[in-house]
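I sat down with this one to look up a few things a fellow computational chemist might ask for. My notes are below, in the order I took them.

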Amino acid sequence: MVPSVPRAYVVNRDSKTVSVIDTIGNTVIATIPVGDFPTGVAVDSARAWAYVANQDSDTVSVIDTNTNTVTTTIPIGVGSVPSGVAVDSPRARAYVANQGVGGTVTVIDTTTNTVTATIHVGVSKLSFGVAVDSAGDRAYVASHGTSGTVSVIDTNTNTVTATIPVGTTAACLDVDPTRAHLYVTGTDGTSDVVSVIDANTNAVIDTIPISSPSFGLAVDPIRARAYVAAMTSNVVLVIDTNTNAVIATIPVGSFVFGAAVDLTWARAFVINAADGTLSVIDTNTNAVTATVAGLGDFPYAVALG
């Protein structure tokens with residue numbers, strides 16, 4: 001049996017839309033209006049929903065991925081500024097990181113598309129990136145403010161069990177469940193880095209210098225790689241997650257933002273925000289195999305489903 005090929009969902013920040021991409025033909029097949037200033041997207045493939053965080057609307061748009069239409073708009077709270085979203089499909093939850101003052105994460109039940117909890121991750125924290133390790137019963141939230149931190153949430157109880165300092169800022173993150181490592185982009189006070197956290201001890205075990213700030217990172221645990229969108233360097237840096245060393249630099253488009261990995265089909269997808277395009281990378285060869293045009297204004301984040 002041929003495995004199904006996912007679609008790519010790209011949020012276009014300045015167009016207030018989501019572009020749906022057929023990843024076989026690498027073409028845009030739908031454009032969906034959402035809320036104001038969308039910056040985060042995640043897909044619950046089991047329930048055929050895509051969740052879009054709209055910063056300026058303080059809402060999450062729920063897209064039916066069978067029809068590519070918005071079926072529900074979930075209010076998150078005035079001034080919450082929802083920015084990043086990740087799905088825990090086995091527990092039927094979406095975790096939304098809010099940049100509004102107060103440092104919160106909103107929990108959505110993906111069977112009813114209603115808010116079921118609000119988790120406080122720290123005073124004066126602006127929460128941006130969020131990732132879920134379903135097998136490890138954890139969600140991780142990257143925050144900045146007075147300092148950069150990663151909050152560890154027990155997804156069985158929706159409580160914060162640890163707060164990990166990671167320098168002066170923390171932007172985006174992803175989990176390598178095979179190696180029990182967490183990769184976090186940010187700064188250490190003087191330069192741009194990727195911090196590596198041991199998920200068993202909640203301690204930073206390595207710091208990898210990168211060439212520019214990054215708001216996109218995706219891990220391929222099967223091939224032991226992390227793909228880092230180096231925003232102003234216009235490249236994707238490839239990290240060997242066994243050695244935590246940068247092993248390749250892939251030229252892409254201009255102003256590189258979000259990233260996602262398709263494990264089954266051995267591809268990475270990265271957004272070129274200034275070009276309005278998406279680069280498709282073969283993760284076996286680390287070569288760009290296609291560039292998808294026709295996205296909206298300032299594409300920002302991408303998810304597969």
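These entries cover a sheet, two pockets, a hairpin and some loop residues.

**Entry 1: the model.** Before anything else, I noted that this is a predicted model.

**Entry 2: a four-stranded sheet.** I looked up a sheet and found four strands in the order 16-17-18-19, open and with antiparallel pairing. At its edges I have strand 16 (169–176) and strand 19 (203–209), each of which pairs on one side only. Direction ignored, neighbouring strands here are turned by 25 degrees against each other on average.

I then went to the middle of the order. Strand 17 (residues 181–187) and strand 18 (residues 192–198) are joined by seven bridges in the antiparallel sense. Within strand 17 I picked out Tyr183, and found Val196 of strand 18 opposite.

**Entry 3: the largest pocket.** How much space lies in the largest pocket? I read off about 1,400 Å³. Its lining takes in 49 residues, and those closest to the centre are Ala86, Asp174, Ala260, Val261 and Ala303. By class I get 32 nonpolar, 13 polar and four charged residues in this lining.

I also checked which strands contribute. At least two lining residues each come from strand 4 (38–44), strand 8 (82–88), strand 12 (125–133), strand 16, strand 20 (217–220), strand 24 (256–262) and strand 28 (299–304). Strand 16 is thus on my list twice, as an edge strand of the sheet and as a supplier of this lining.

**Entry 4: the second largest pocket.** Here I found about 150 Å³ of space. The lining has 13 residues, with Gly136, Arg138, Tyr140, Ala199 and Asn200 nearest the centre. Strand 13 (138–145) and strand 16 are the elements that give two or more residues to it. Sorting this lining by class, I got five nonpolar, five polar and three charged residues.

**Entry 5: strand 24 and its hairpin.** I came back to strand 24 because of its part in the largest pocket's lining. Is strand 24 mostly covered or mostly open? Mostly covered: seven of its seven residues are buried. Strand 24 runs antiparallel to strand 25 (residues 267–272), and five bridges join the two. Val261, one of the residues closest to the centre of the largest pocket, has Ala268 in strand 25 as its bridge partner. The two strands form a hairpin with four residues between them, and in the turn Ala266 has a positive phi of about 55 degrees.

**Entry 6: two more positive phi values.** Asn68 is not a glycine, yet its phi is positive at about 55 degrees. I located Asn68 in the loop between strand 6 (59–64) and strand 7 (69–75). With a relative accessible area of 14%, Asn68 counts as buried, because the cut-off is under 20%.

Val81 also has a positive phi of about 55 degrees without being a glycine. Val81 sits in the loop between strand 7 and strand 8. At 22% relative accessible area, Val81 is partly exposed.

**Entry 7: a loop threonine.** Where is Thr241? I found Thr241 in the loop between strand 22 (235–240) and strand 23 (245–251). Thr241 is buried, with a relative accessible area of 1%. Leaving aside neighbours within four places in sequence, I listed Asp176, Arg179, His181, Tyr183, Ala224, Arg225 and Ala226 as contacts of Thr241. Tyr183 was already in my notes, as the residue opposite Val196.

How values were computed:
Residues numbered from 1 in each chain as written. Predicted model: local features only at pLDDT ≥ 70, side-chain atom pairs only at ≥ 80, totals over all residues. Heavy atoms only, no water. Pairing = 2+ DSSP bridges. Axes fitted to C-alpha atoms, helices over the stretch in contact; angles between N-to-C directions. 1 Å grid on protein atoms, 1.4 Å probe; cavity = no way out; pocket = protein on both sides within 12 Å on 5 of 7 lines; lining within 4 Å. Points joined across faces, edges and corners; volume = space filled by probe spheres on them. Nonpolar A, V, L, I, M, F, W, Y, C, P; charged D, E, K, R; others polar. Buried < 20%, exposed > 50% of the residue type's maximum accessible area, 1.4 Å probe, protein only. Contact = heavy atoms within 4.5 Å.
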